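Visitor: I am new to this structure. Please show it to me, and then I will ask a few things.

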Amino acid sequence: MFCRVRLVSHLPRWSPGTNHKLWKLRCLLPQCPKLGAKMSAGQSQKAETWDKGTLQELKVPFARTETGTFFQEQPRIGNQYLEDAFLQRYLKTHLPSQSLGISGPLAKAFGHLTSRDPKKFWTSGQWMTERKGGSDVASGTESVAREQPDGTYCLYGFKWFTSATDSDMTLTLARIMDAQGRVEQGSKGLSLFFLEVRDKQGKLNGIEVQRLKQKLGTRQVPTAELLLDGSKAHRISAEGRGVASIANMLTITRIHNVISAVAGMRRVINLAREYASKRVVFGKLIKDHPLHMQTMARLEVETRGAFLMLMEIARLLGLEETKMASEQDLHLLRLLTPVAKLYTGKQAIAVISEGLECFGGQGYMEDTGLPVALRDAQVLTIWEGTTNILSLDVLRSLTKSQGQVLAAFCSGVQGKLELASSISELESSVQLLQDALHRLGQFTQRVGSKGAVAMELAARDFAYTLARIYTGALLLEHAAQPDASSTDTYAAQRWCKQDLCPVDSEEKAGCYDDKAVSMDTYLVYEGNPVLKGKL
């Protein structure tokens with residue numbers, strides 16, 4: 001048995017001449033009967049010859065370098081594919097054999113980017129952002145390109161935020177300069193270029209590193225400010241069609257953003273699940289506490305929904321790349337890509353933050369490797385467009401298609417509900433989703449007639465509504481498959497119990513009217529000099 005030792009205020013007096021080891025033992029005597037019985041008054045004079053082994057024999061806890069006997073076993077996760085029954089069921093149902101060929105100046109790069117040989121494999125960055133900002137590349141790009149006799153270009157400019165600076169290649173925008181040194185401003189003056197970061201001798205390709213960025217997270221991927229001083233590049237878009245060309249690239253990078261969000265959520269849940277099967281609190285394993293399991297189940301539903309949204313847009317992208325997509329498929333891909341990116345980014349931050357709580361204090365300790373997951377997740381709502389920027393992009397897709405995108409969305413949802421509507425366990429959830437779809441249609445008619453300003457104010461909630469409705473449809477479709485499990489049904493039911501049409505709820509609460517617009521500003525700037533003279 002370990003002795004119980006209390007810290008007391010009445011300790012033996014200590015002076016510079018006092019033997020430190022003997023003083024420590026005398027401090028313990030009043031509080032440790034077993035130690036006192038072991039050590040008689042005569043023996044106390046010999047205490048200064050006792051060593052650590054003697055202290056261990058006396059079972060004194062936390063003596064010198066002793067730190068106690070309890071150490072929490074860390075979670076250990078196995079093969080994440082073999083342990084993910086949900087993923088395996090989905091792939092078995094949907095995955096066909098979606099091949100892709102490529103030619104032209106990117107053929108070499110494509111071979112490196114898709115190689116499984118570590119000696120040949122390349123990574124790629126994208127260098128779009130310059131000093132004036134990120135999302136508005138049309139007015140923010142100052143870099144220029146001079147055409148060379150061999151058909152290549154030399155690039156000159158300053159890239160303020162270059163992702164994956166240590167990559168092997170990159171794509172970037174620049175304005176082609178004519179013989180008189182003139183360039184065209186606006187988006188029509190931008191072309192897309194491909195360049196290798198290093199030349200054949202291994203030296204930087206006309207690139208000068210100004211400084212590395214100090215970032216909150218994703219520190220394993222360096223980001224820097226770069227000066228391009230004659231960097232040799234190949235133009236890979238039609239002249240002046242750079243912005244249109246990066247639209248395809250943005251689709252892919254936004255899907256990659258969704259992949260990172262889903263992967264981050266899945267990893268923290270799997271670690272928390274494993275930890276709950278090892279950590280004992282209040283006399284039983286964490287997994288045996290119903291409240292903890294309820295919390296983790298909510299995280300699991302969010303993650304499953306995000307996964308299905310990811311696989312849906314990946315499926316649509318595959319159809320587009322193999323030229324098998326219908327018009328509805330293309331409309332859905334255009335709409336769902338920004339919706340999925342903005343919504344899963346928000347989901348990831350919330351799920352990973354909650355996931356860290358599942359570890360208690362260990363979730364806050366750097367040496368566990370857990371906090372970095374939350375730091376890295378924050379980039380998901382910023383990179384490739386913030387939530388508001390992407391919400392406005394969703395509205396643009398509706399306007400440019402003259403409503404066809406929204407019609408494709410509604411048709412797609414209804415199609416995914418057909419099988420589920422015939423299953424009794426899913427009927428109530430199907431009805432909730434159809435009600436939400438009806439509310440969405442009513443909202444669009446009411447607010448759409450008020451003009452662009454009203455819709456812009458509702459843009460974020462509108463995008464959230466699209467995400468919740470379509471994710472619910474995907475969960476119900478999955479739960480209706482012949483090999484679906486009871487957990488698939490339960491996940492779909494739980495998802496559909498939330499407010500599936502928040503944009504309608506907020507509009508009815510008056511959040512988008514003229515008064516709300518002015519009060520939002522006053523609420524934020526109350527007492528600030530910005531509002532002086534405006535009240």
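Visitor: Is C358 buried or exposed?

Guide: This is a predicted model, where local features need pLDDT of at least 70, side-chain atom pairs count only at pLDDT 80 or more, and totals for chains, interfaces and linings use all residues. Residues are numbered from 1 along each chain as its sequence is written, and side-chain values use heavy atoms, leaving out hydrogens and water. Buried means under 20% relative accessible area, exposed over 50%, and partly exposed in between (1.4 Å probe, protein chains only). C358 has 7% relative accessibility, so it counts as buried.

Visitor: How many disulfides does the structure hold?

Guide: A disulfide is a covalent bond between the sulfur atoms of two cysteines. Here the test is a pair of cysteine sulfur atoms within 2.5 Å. The number of disulfides in the structure is zero.

Visitor: On which side or sides of α5 do its buried residues lie?

Guide: Helices (H or I, at least four residues) are DSSP runs, numbered from the N terminus. In helix α5 (residues 85–94), the buried residues are F86, L87, R89 and Y90. They cover an arc of only 165 degrees around the axis, going by the directions from the helix axis to the C-beta atoms. This puts them on the same side of α5.

Visitor: Which residues have the most contacts inside the largest nonpolar core?

Guide: A nonpolar core is a set of buried Ala, Val, Leu, Ile, Met, Phe, Trp, Tyr and Cys residues joined through side-chain atoms within 4.5 Å. The largest has 89 residues. Those with the most contacts inside it are F409, L440 and F462.

Terms used: Helices (H or I, at least four residues) and strands (E, at least two) are DSSP runs, numbered from the N terminus.
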